[in-house]
Structure formats: structure tokens, C-alpha cells
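The following note goes through one protein structure point by point. Please keep the sequence and the model in view while reading.

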Amino acid sequence: MARVLNVLLPGREKLAFVADFAAWLARGTALPERMPGYLSALAEQFRWPGGPLPAAALIRQAVAGDAGDARWLCADPAWVQAELNGARLLGCGNLAVSPTDAVAMVQALRETFAEHGMNLHVGDPQHWQLSVPVDLPLPAFPEPEDALGADFFTQLPQGEEGRRWRALLNEAQVVLHHLPENAARVRDGLPPVNSVWLWGAGTLPAWVECGQGRIYSDDLLVWALGQKANVDVQSRSVFSARARVGDEPVAFTLLDLQDVQPSLFDRSWWPLLRERLDAGHELRLSFADGHRVVLRKRHRLRFWRTP
């Protein structure tokens, strides 16, 4: 049986300049288009009882082991940039928040959320979780990949149902604006953590299933899903080391490159993937734009297909 490597990638436009990769894509077998988005691609690799992915509860269980039966929201540290006619969400999670700063910021925000019956916790310094009463109505919160780069206020819950949440985020922004930790971040050339982004609501699912034998990712949500599914999860650097010596014993592997920088993909990752192709492995590529392609070694013979 051929070994299969499933690869999660950013949109094709970001990688189009890698000429050899583009040539292989043209020769590959295109599969039916899927819903765009990173979380949609994850949903093709993982299964859970149903409904939207409860990212907050899964992450909370992975980092603290105390998700229980509570309902959780991700309250990730966020960077909002003011503009002439509004504001724009430019960062959410992964803002290089130190463990010390994360504790200080969450401590400062805790009273604001507690007044609404919620408890804010530091899970990972880059990802915070909010426990929410089960009887509190929750509006739909856009996922970070949908909200990033968009007008901040249009992404907030609208109407009367969203009024409470808009006011809550405004209070949180006021608190964060006055923190000395943010002043220090700006002096150090880091973006301020001047808001939080709420998303990924739900309770811990009873089970998660995955058809992969091993997962390589640097994303905390993927680690949380893998752990719940009892699949071995390793960092991407481990994949690099194993790929160079041909040490990958499992038949089905998931490699998460959804946030890879295009230059790094060109320089480091595509050569490794090309080696897997030359060794006879099947590559199943899932792009963030919803495009799906299968690459096999024999596809090199489709020389008449060009980008």
C-alpha cells in the first residue's frame, strides 16, 4: 500500500510563484472543490459528534485538562488597528505574548468578564479561554481566519442579541489600553494586545476520530484535536528530521502547513514534499481556498499539462 501524506496548505495564490510546485499541480488530479477555510480542511480530517467545531473546549482540555461539561469560548489576545473610518483586526492569537504578560492581562480582564458571569483563563499564553454559563445566549462569532483583515466592527455580533457582547469587548479594550505591559510591547516593536477575539464556542465532545496515523503541526487546535482522537502529534520540525532520513513508519500522515510562509515553503518544504513524491508517496493537498489535488509519482508523465 502506498503511503499517503495529507498536507494542509494556504491558498494557491500564495504559492503560485514556486515554479516546480505549480508544474506538479497542473499535472495532478483535481478533486471536487470544498468549502474554503482552514477549519473546513480540518473537518475533512477529523470527525466529532456534530455541529460547529468546539475549538475552545478542545484547546482548554489539551492545555489544562479541566474542560469538563462547561461551555467554553476562545478569547484569544487580539490586535485591532484604528483607521480613519473604523478599525481592522490585524492579529488574533500568536502575538508573541509572554507567559508573564498573559497572566497580567488576563488578571486585569478577569473582573470585567466576571461581572457577566464568565471566567477568563490563561491556557496557552497565545490562546485564552472563557467559561460561559450554559444558559447565556451566544450569537455567532466569526472564526479568526474570516475576521482577520476585515473591518472590526462589522465582524462583531449585530442587533440586540449582540449588544451585550459589543459592550463587553469595548470594556475589555479599555482595560487593555491602560496596561503597562502593552506600553512595553509597543516600545519593543510588538503589536499591542488591545482586544480579545471570541470564537469557537461549545462543550468538549465525547469523542473525536481521525484516520491519520500521525500528525505534524505547530497549531494548538490541531494538537488538541489529535490528543482527543488519541493520535500521535509532533511538531513540524520533527517531520523535517524524519523526512530527511526516510523515517516515517505510518501509512497515513497529516502535515499542517496552513500558515507556512511562501518563501519557506519554496526553500524547505516543497523539496521535502518532492522527495516524498519521488519515493512513491501519494500527496493529498488541501488548500485554504477550497481546492483539492492529489499528486502521485506517475503524474510527472503528464508533461502536456502546464500551469
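**Note on the predicted model**

1. **Nature of the model.** The structure discussed here is a predicted model. The points below treat its strands, its pockets and cavities, its cysteines and, finally, one helical residue.

2. **Strand β4 and its partners.** Strand β4 runs over residues 71-83. With strand β5 (residues 86-92), β4 pairs in the antiparallel sense over 6 bridges. The two strands form a hairpin, and 2 residues lie between them. One position to find in the model is A82 of this pairing, whose bridge partner in β5 is A87.

3. **Further pairings of β4.** Strand β8 (residues 195-202) also pairs with β4, in the antiparallel sense and over 6 bridges. Here A78 has S195 in β8 as its bridge partner. Strand β7 (residues 127-132) is another antiparallel partner of β4, joined to it over 4 bridges. In that pairing, L73 stands opposite L130 of β7. As general background for reading such strands, the side chains of a regular strand alternate between the two faces of the sheet.

4. **The sheet of seven strands.** In what order do the strands of the open sheet of 7 strands lie? The order is β2-β14-β13-β1-β12-β10-β11, and the pairing is mixed. At the edges are β2 (29-31) and β11 (232-234), each of which pairs on one side only. On average, neighbouring strands of this sheet are turned by 20° against each other, with direction ignored.

5. **One edge of that sheet.** The edge strand β2 can be examined in more detail. Its pairing with strand β14 (residues 292-295) is antiparallel and extends over 3 bridges. Within this pairing, T29 has V294 in β14 as its bridge partner.

6. **The largest pocket.** The largest pocket holds about 1000 Å³ of space. Its lining consists of 34 residues, and those closest to the centre are N94, E145, L148, Q258 and D259. Two or more lining residues come from each of α1 (12-15), α3 (38-45), β5, α6 (144-147) and α10 (220-228). Which element gives the most to this lining? That element is α6, with 3 residues. By class, the lining of the largest pocket divides into 14 nonpolar, 9 polar and 11 charged residues.

7. **The second largest pocket.** This pocket has a volume of about 410 Å³. Its lining is made of 19 residues; L39, P52, L53, F141 and E143 lie nearest the centre. The elements α3, α6 and β8 each supply at least two residues of the lining. In terms of class, 12 of the lining residues of the second largest pocket are nonpolar, 4 are polar and 3 are charged. The student may note that α3 and α6 appear in the list for the largest pocket and also in the list for the second largest pocket.

8. **Cavities.** How many cavities of 30 Å³ or more does a search of the whole structure find? The search finds 2. The second largest cavity has a volume of about 40 Å³. Its lining is formed by F141, P142, Q155, L156, P157, L169, W197 and L198. Of these residues, 7 are nonpolar and 1 is polar, with no charged residue. F141 thus has a place in the lining of this cavity and is also named among the residues nearest the centre of the second largest pocket.

9. **Cysteines.** The structure holds 0 disulfides. Why does C74 form no bond with C92? The sulfur of C92 is the closest cysteine sulfur to that of C74, but the distance is 8.3 Å, too far for a bond, because a disulfide requires the two sulfur atoms to be within 2.5 Å. C74 counts as buried because its relative accessibility is 1%, and buried means under 20%. For C210, the closest cysteine sulfur is that of C74, at 19 Å, which is likewise too far for a bond. C210 is buried as well, with a relative accessible area of 16%.

10. **Residue A183.** This residue is found in helix α9 (residues 180-187). Is A183 buried, exposed or partly exposed? A183 counts as partly exposed because its relative accessibility is 37%, a value in between the limits of 20% and 50%. A183 lies 37 residues from D146 in sequence, and the two are 28 Å apart in space, C-alpha to C-alpha.

Methods:
Residues are numbered from 1 along each chain as its sequence is written. This is a predicted model: local features need pLDDT of at least 70, side-chain atom pairs count only at pLDDT 80 or more; totals for chains, interfaces and linings use all residues. Side-chain values use heavy atoms; hydrogens and water are left out. Two strands pair if DSSP finds at least two bridges between them. On a 1 Å grid over the protein atoms alone, a cavity is a set of points where a 1.4 Å probe fits but cannot get out, and a pocket is an open set with protein on both sides within 12 Å along at least five of seven lines; lining residues have an atom within 4 Å of a point. Grid points are joined across faces, edges and corners, and a volume is the space filled by probe spheres set on the points. Ala, Val, Leu, Ile, Met, Phe, Trp, Tyr, Cys and Pro count as nonpolar, Asp, Glu, Lys and Arg as charged, and the others, Gly among them, as polar. Buried means under 20% relative accessible area, exposed over 50%, partly exposed in between (1.4 Å probe, protein chains only). Axes are lines fitted to C-alpha atoms, for helices over the stretch in contact, and angles run from 0 to 180 degrees between N-to-C directions.
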